[in-house]
Amino acid sequence: MDNEKQYLFDNPKNIQRVLYLLYACCGILVILDFVIHRHVYHSWENLPIFYPIYGFVGCVILVLIASWMRTFLMRSEDYYGPVEELDDSKIEIVDVSDGHAHEANNNKKGDRNVDA
């Protein structure tokens, strides 16, 4: 088991680096909010860091609405019927990969849906 492939986010240091990068991007965007001139339609858009606060409040509201909707949209585990236990004797493994490859190789017509 020691020679399993290591992926990028298996290492906690890499996850921490991505989080630091995200925090740095958020900080740069907040600083740019004071520097970049915007053409606003409403007076409250001139408030400093209005858009980050607006986005954060919008996300919080979405999460709260979704958790409230879960109470009446959630279904039980056996909503589609009882779960049947599978018996190994009933499982049949069928290999169809050779049949499809043979069928594709014998098709002399070609693909007519190709745009050339």
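In this predicted model, Asp33 is buried, with a relative accessible area of 15%. The residue belongs to helix H1, and its side chain has a backbone partner: a polar atom of the Asp33 side chain lies 2.9 Å from the backbone nitrogen of Ile49. Once neighbours within four places in sequence are set aside, the contacts of Asp33 are Arg38, Pro48, Ile49 and Phe50. Ile49 thus appears twice in this picture, as a contact of Asp33 and as the residue whose backbone nitrogen faces the polar side-chain atom.

A second polar residue of helix H1, which spans residues 12-35, is Asn14. Asn14 is classed as buried because its relative accessible area of 15% falls under the 20% cut-off. Its side chain is joined to that of Arg17 by a polar contact of 3.0 Å. When residues up to four places away in sequence are not counted, Asn14 touches Leu8 and Phe9.

Attention now turns to helix H2, which covers residues 50-73 and includes Phe72. With a relative accessible area of 44%, Phe72 is partly exposed. This value lies over 30%, so Phe72 meets the accessibility requirement for patch residues. Indeed, Phe72 is one of the residues that make a nonpolar surface patch of about 1100 Å². The other members of the patch are Ile53, Phe56, Val57, Val60, Ile61, Leu64, Ile65, Trp68, Met69 and Leu73.

How values were computed: Residues numbered from 1 in each chain as written. Predicted model: local features only at pLDDT ≥ 70, side-chain atom pairs only at ≥ 80, totals over all residues. Heavy atoms only, no water. Helix = DSSP H or I, 4+ residues; strand = E, 2+ residues; numbered from the N terminus. Buried < 20%, exposed > 50% of the residue type's maximum accessible area, 1.4 Å probe, protein only. Polar contact = N/O pair within 3.5 Å; in protein donor to acceptor, adjacent residues only side chain to side chain. Contact = heavy atoms within 4.5 Å. Patch = residues over 30% accessible without salt bridge, like charges linked within 9 Å, V, L, I, M, F, W, Y side chains within 5 Å. Areas by Shrake-Rupley, 256 points an atom, 1.4 Å probe, with all protein chains shown as cover. Salt bridge = Lys/Arg side-chain N within 4 Å of Asp/Glu carboxyl O.
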